[in-house]
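Visitor: I am new to this structure, so please pick a single part and show it to me closely. Please explain the terms as you go.

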Amino acid sequence: DAANQDLSGSVLLQAGSTLDVSGGGYVQPDRQVLMANGVPAGHGGDISLVTYGNASTQEQQPDRLDGGRLGLDGKLLGYGFSGGGTLSLQANYIQVGGDRAAMPLANGLYLDPGFFAGQGFDRYKLTAITDGIVAPGTQVRVARDNFLPDYQALLLAPTGADLYAADAAHPTGVYATVGALDPYHRYVTRTTGAGPGFSLSAGQYLDWSIDPQNPSKGAPQYAGVSGSVRVGEGANIAVDAGGSIALAGTQATIVLGALTAHGGSIDVSTNALTRPSGLPPLTARVWLGDAAVLDASGTVLLDPWAAAVAGPDGTPQVPRTGVALDGGSVTLKGRGGYVVAAQGSRIDVSGVADRFDLPTRHPAGLGQATAYLGTPVWSDAGNVMLAAAAGLYFDGQLQADGGATQAGGGTLT
C-alpha cells in the first residue's frame with residue numbers, strides 16, 4: 001500500500017561539505033581584545049539537523065521507518081573562544097557505540113563515542129523517534145574544544161578574518177589554534193543557565209496512531225524497538241562540571257551504567273504522552289539497574305592561571321584557588337508510570353572539601369599587608385527528587401553529605 005510507505009526525506013552532509021557556526025572575536029578601539037573570564041569573548045552557535053520532523057499524530061503512519069536518514073559525513077564547525085552552542089540531531093533511531101550492524105533500523109543514526117569530545121559544541125541534544133541506545137561499555141565524554149588565541153596576531157587581524165586560516169609558518173593556525181581549555185576555564189566560560197550537556201529522548205512514535213480514525217488500534221509497531229532510552233552495562237556518560245544529563249524514553253528509561261555530572265544536574269525520566277483520545281494506555285517506567293551510578297557530587301576546579309600573590313613569608317607564590325561546587329541535583333520521574341532503583345544502584349549529590357589559599361591580614365600585623373594562607377573550604381550537598389505516578393520502589397543508596405561538618409546536607413523530595 002503506497003499510503004503506508006515511508007516517504008520521509010533525508011538530511012545528508014556529504015564528505016567535503018561544511019556547516020560553520022563558529023564564533024568570532026572583537027578588538028576594541030583601544031587595541032585590546034575584548035575579554036570574558038580570562039579568554040576572548042565570542043561563542044560558537046547552534047546547529048539543528050532533523051529527520052522525521054513533520055510526523056503528525058493525525059496522519060496514518062508508515063509500516064516501516066526506512067525512508068529518512070541523517071548522514072554526517074561532512075564537517076560541523078562550532079568553535080568559539082569562550083564556548084560553543086548546541087548541536088541538535090533527530091533520527092528514527094540513535095545508537096552510540098556498540099555494533100553498528102546490529103541496529104534494528106539500518107537507516108538509523110550511529111555515533112562513535114568520540115563524537116562528543118573535541119568539537120566546539122557545549123551541548124548535544126539527541127532525539128530518537130524510536131529508541132535511543134548507549135551501548136554496553138561505551139564511554140561518552142562531553143568536553144568541548146575552543147579557539148586558543150594568538151593575541152598579537154588577533155590585534156592585526158582584518159575584519160572578517162578566517163580564524164581557521166593557516167600557512168607554512170603557522171601550520172596549526174595564524175590567529176588561533178583549536179584545543180582544550182582547562183576544566184576551570186571551561187566551567188567559568190560556560191553559557192549561563194545552559195552549560196555543557198547531553199540529552200537523549202526517545203519514543204515519539206508511541207504517540208502516533210495506526211489509524212487516526214480508530215485510535216483504539218494503537219500505535220504502530222516496529223520490529224526491534226520499544227520507544228525507550230537505554231544506557232547499557234559498563235557504559236558511562238560524563239559531562240563537564242556544572243553540566244547536565246537528561247534521559248527520557250517514552251516506554252522506558254533504563255540506566256544500567258553510570259552518569260556523571262559533577263556539580264550539575266542529572267534527570268532520568270519518562271516522556272509525558274500527548275496521545276490522542278482513544279489510544280490504549282501505556283505504563284512507562286524508569287529503571288536503575290544494580291550497578292547504576294548517578295554522580296552529581298560536588299567537585300573542586302583549580303584556576304591554573306591565578307596571578308602570583310604574597311605567600312606567608314612575603315615571597316610571591318601562585319595561590320591554590322578556584323571554585324568548590326556544591327553537589328548538584330538528581331531527578332527520577334516516572335510520568336504516568338513507575339520508578340524502580342535496584343539494590344546496588346547509587347545516587348551521589350555530596351559536597352566536597354579542599355584547602356584554598358585565601359587572603360588574610362598578614363600574621364605579623366605589618367600595616368595593611370595581606371598574606372594568602374591555606375584555609376579549609378567546602379561545599380554543600382545537593383538535592384534528589386523521586387516522583388512516580390504509578391509506583392515508586394527505591395532500594396539503592398543515597399549519598400548526600402556536606403563537604404564538611406559546617407556544610408549543609410542534601411535534600412530529598
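Guide: Happy to! Strands here are DSSP runs of E with at least two residues, helices are DSSP runs of H or I with at least four, and both are numbered from the N terminus. This is a predicted model, in which local features need pLDDT of at least 70 and side-chain atom pairs count only at pLDDT 80 or more, while totals for chains, interfaces and linings use all residues. Residues are numbered from 1 along each chain as its sequence is written, and side-chain values use heavy atoms, leaving out hydrogens and water.

Let us begin with the setting. The protein contains two helices and 37 strands, and its C-alpha trace spans about 90 × 55 × 35 Å along the principal axes. Of its 413 residues, 47% are buried, a word that stands for under 20% relative accessible area (exposed is over 50%, partly exposed in between; 1.4 Å probe, protein chains only). Take the contacts, meaning heavy atoms within 4.5 Å, between residues at least 6 apart in sequence: 74% of them join residues at least 24 apart.

Now find the open sheet. Nine strands build it with parallel pairing, in the order β5-β8-β11-β16-β19-β22-β29-β34-β37; two strands pair if DSSP finds at least two bridges between them. At the edges sit β5 (47–50) and β37 (411–412), each pairing on one side only.

The part I would like you to look at is β11, residues 123–128. Five of its six residues are buried, so this strand is largely enclosed by the rest of the structure. On one side, six bridges tie β11 to the parallel strand β8 (residues 86–91), where Thr-86 stands opposite Arg-123 of β11. Another six bridges link β11 to β16 (residues 197–202), again running parallel, and here Tyr-124 has Phe-198 as its bridge partner.

Next, step back along the chain to Gln-119, in the loop between β10 (109–111) and β11. Gln-119 is buried, with a relative accessible area of 14%. Leaving aside residues up to four places away in sequence, Gln-119 touches Leu-76, Tyr-79, Tyr-124, Ala-143, Arg-144 and Asp-145. Tyr-124 therefore links the two views: this contact of Gln-119 is also the residue bridged to Phe-198 in β16.

For a last look along the sheet, go to β19 (residues 244–249) and β22 (residues 265–270), which run parallel and are joined by six bridges. There, Ala-246 has Asp-267 of β22 as its bridge partner.
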